[in-house]
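Open the model in your viewer and keep the selection box at hand. Each stop gives a selection to make, then says what is there.

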Amino acid sequence: LAIMPTGGGKSLCFQLPAVLLPGVSLVVSPLIALMKDQVDALHANGISAAFYNSSQNAEVQNEALTGLHQRKIKLLYVAPESLHLLLPHLNEELISLFAVDEAHCISSWGHDFRPAYKQLGELKNKFPSIPVAAFTATADAATQDDILQQLKIPKAKKHLASFDRKNLYLEVRPGTNRLPQIFQYLENRKDESGIIYCLSRKSTEKIASKLKEKGFKAQAYHAGLSSDKRSEIQDDFVNDKTPIIVATIAFGMGIDKSNVRWVIHYNMPKNIESYYQEIGRSGRDGLASDTLLFYSFADVVQLRQFMENAPNKEFQLAKLERMQQFAEALSCRRIALLNYFGEHISKNCGNCDNCKNPPQFFDGTIL
C-alpha cells in the first residue's frame, strides 16, 4: 500500500513494474474520463496499453480483450464496475499484477466510498499468487488499515511518502463577499490556470457566468453535463485553452496538468482528505502555487445536513469537525494539515496565512 501525495508519481509505481513484468498488469481505476488520458500518455511513450469500461462499444471492448489474450498489451485499465465482465477472461498465467488506484474508494471509513470497489477483495481469493498493490493520495490511519483488510492483503508493506507540499501557500478567509474577493484575487492572475471548487452545480454555473461577464475565460464543470461535454471542457483546460474551471468535486482527480497555479474553495470541503486532494492539483510542477479556502459556518450547517442520513454519520461528522478546526486554526496551518495525516512536525512552515500574518490578540476584558 503506497500513500503518496497528489502529483507524487503514483502512476509510475505501477507502470514501471508493468513494463518489466512478463504478463499483463490490470489497473483498477474509478475514473473513466482519465483512463483515456493515461492510455494516450503510455502510447505516446511507446508502451502498449488499453482500457475497458462501459463507455465503449462492443467492438472496442473486444479489441481490448483480444490484446489481453494475445498479451499484446502491458497495461489494461478497468473501471471497478466493469471488472466482473473481465474476470472470466483472467488467469494466473496471463496477469502479473493487480494495481488498485484511488484505493481509498474501497473503505467506508474513507472520504469517497464506492460500492463497486467492494468486489476487489475477491481478486486475492481467486488469484492468490498474483501481487496486489494499492495506491492513494489521502488515507488516515483507520482508512489505511481498512484498505488492507478489504483487499485481503493485511500483511502488505506500507509506504508513506511525506505529505508536505512546501510550494503550496495555504490561506483561509471568512466567507463574506466571496465573488468580489475572487475577482480581486484573479486580477493579477489573468493568464494563470486555476480551479474553483463549489458544493452545488448551480453555484458552478453562476460563478462561471459572473467570471465571463468580467472578461475571464471560464467554464463550469459538474456531473449534470454530458460525458462528451465534460471531456471537451477537461481537454480545453489541460491544453490551456480554458484557464479557469469552476467545478464540483467531480473534477480533477488524477488530471495530469502540471501548471495549475491556484485552487480556490468557494465552499468548505467535508473533510481534510478532500481538501488536501483538491489543493494538491495545483503546483504539480513544484513551482509556487496558491490555495484559498473561504470559510463560513453556513457551509458547516449545510454539510451537516448532507450527512444526516450517511451510513457512518458519526465518523463523517468527526471528519467535518477536524476540517472546521483547520479552517479556524490560529497557528501554522501546515502543522495542522500534516498532523492529521500522522506526519508530526513542530516547526512553523512560513508559507501559510497564519505564519505570514499571525493573528493579533488583544485583551477582551477591557472591551
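The stops below go through confidence, a surface patch, a loop and strand, a helix, two backbone angles, the cysteines and two long distances.

**Confidence**

This is a predicted model, so colour the chain by pLDDT, which is the predictor's confidence in each residue, from 0 to 100. The protein averages 91, and 98% of the residues score at least 70. Select helix α2, residues 32–44: confidence is lowest here, at a mean of 85. Now select strand β13, residues 289–295, where confidence is highest, at 98. Where pLDDT is low, the predicted coordinates should not be read in detail.

**A nonpolar patch**

Select L12, L16, V19 and L20, and show the surface. These residues form a nonpolar patch on the surface, with about 410 Å² of accessible area together. Keep V19 selected and display the cartoon: V19 belongs to helix α1, which covers residues 10–20. Is V19 buried, partly exposed or exposed? V19 is partly exposed, because its relative accessible area is 36% and the partly exposed class lies between the 20% and 50% cut-offs. An α-helix has 3.6 residues a turn, so residues three or four places apart point the same way.

**From loop to strand**

Select L21, in the loop between α1 and β2 (24–28). With a relative accessible area of 29%, L21 is partly exposed. Which residues does L21 contact, leaving aside its neighbours within four places in sequence? They are K74, S96 and L97.

Move to S96, which sits in strand β5, residues 95–100. S96 is buried, at a relative accessible area of 13%. Not counting residues up to four places away in sequence, S96 touches L21, G23, V24, S25, I130 and P131.

**Helix α7 and two backbone angles**

Select residues 178–187, which make up helix α7. How many of the 10 residues of this helix are buried? Seven are, so the helix is mostly covered. To see them, select R178, L179, Q181, I182, F183, Y185 and L186.

Next select N177, in the loop between β8 (168–174) and α7. N177 is exposed, with a relative accessible area of 60%. Its phi is near 45°, a positive value in a residue other than glycine.

R71 also has a positive phi, near 55°, and is not glycine either. Look for R71 in the loop between α3 (58–69) and β4 (75–78). R71 is partly exposed, at 44% relative accessibility.

**Cysteines**

Select C198: this residue is buried, with a relative accessible area of 4%. Then select C349 and C332. The sulfur of C332 is the nearest cysteine sulfur to that of C349, at 3.7 Å, and C349 is in no disulfide. Why not? A disulfide needs two cysteine sulfur atoms within 2.5 Å, and the sulfur of C332 is 3.7 Å away. The count for the model is zero disulfides. C349 is partly exposed, at 27% relative accessibility.

**Two long distances**

Select E321, in helix α12, residues 313–328. E321 is partly exposed, at 42% relative accessibility. Add R261 and draw a line between the two C-alpha atoms: they are separated by 28 Å, and the residues are 60 apart along the chain.

To finish, go back to L21 and add I366. These two are 345 residues apart along the chain, and their C-alpha atoms are separated by 72 Å.

Technical notes: Residues are numbered from 1 along each chain as its sequence is written. This is a predicted model: local features need pLDDT of at least 70, side-chain atom pairs count only at pLDDT 80 or more; totals for chains, interfaces and linings use all residues. Side-chain values use heavy atoms; hydrogens and water are left out. Patches are made of residues with over 30% relative accessible area and no salt bridge: like charges are joined within 9 Å, nonpolar side chains (Val, Leu, Ile, Met, Phe, Trp, Tyr) within 5 Å. Accessible areas come from the Shrake-Rupley method with a 1.4 Å probe; for residues, only the protein chains shown count as cover. A salt bridge is a side-chain nitrogen of Lys or Arg within 4 Å of a carboxyl oxygen of Asp or Glu. Helices (H or I, at least four residues) and strands (E, at least two) are DSSP runs, numbered from the N terminus. Buried means under 20% relative accessible area, exposed over 50%, partly exposed in between (1.4 Å probe, protein chains only). Contact means heavy atoms within 4.5 Å.
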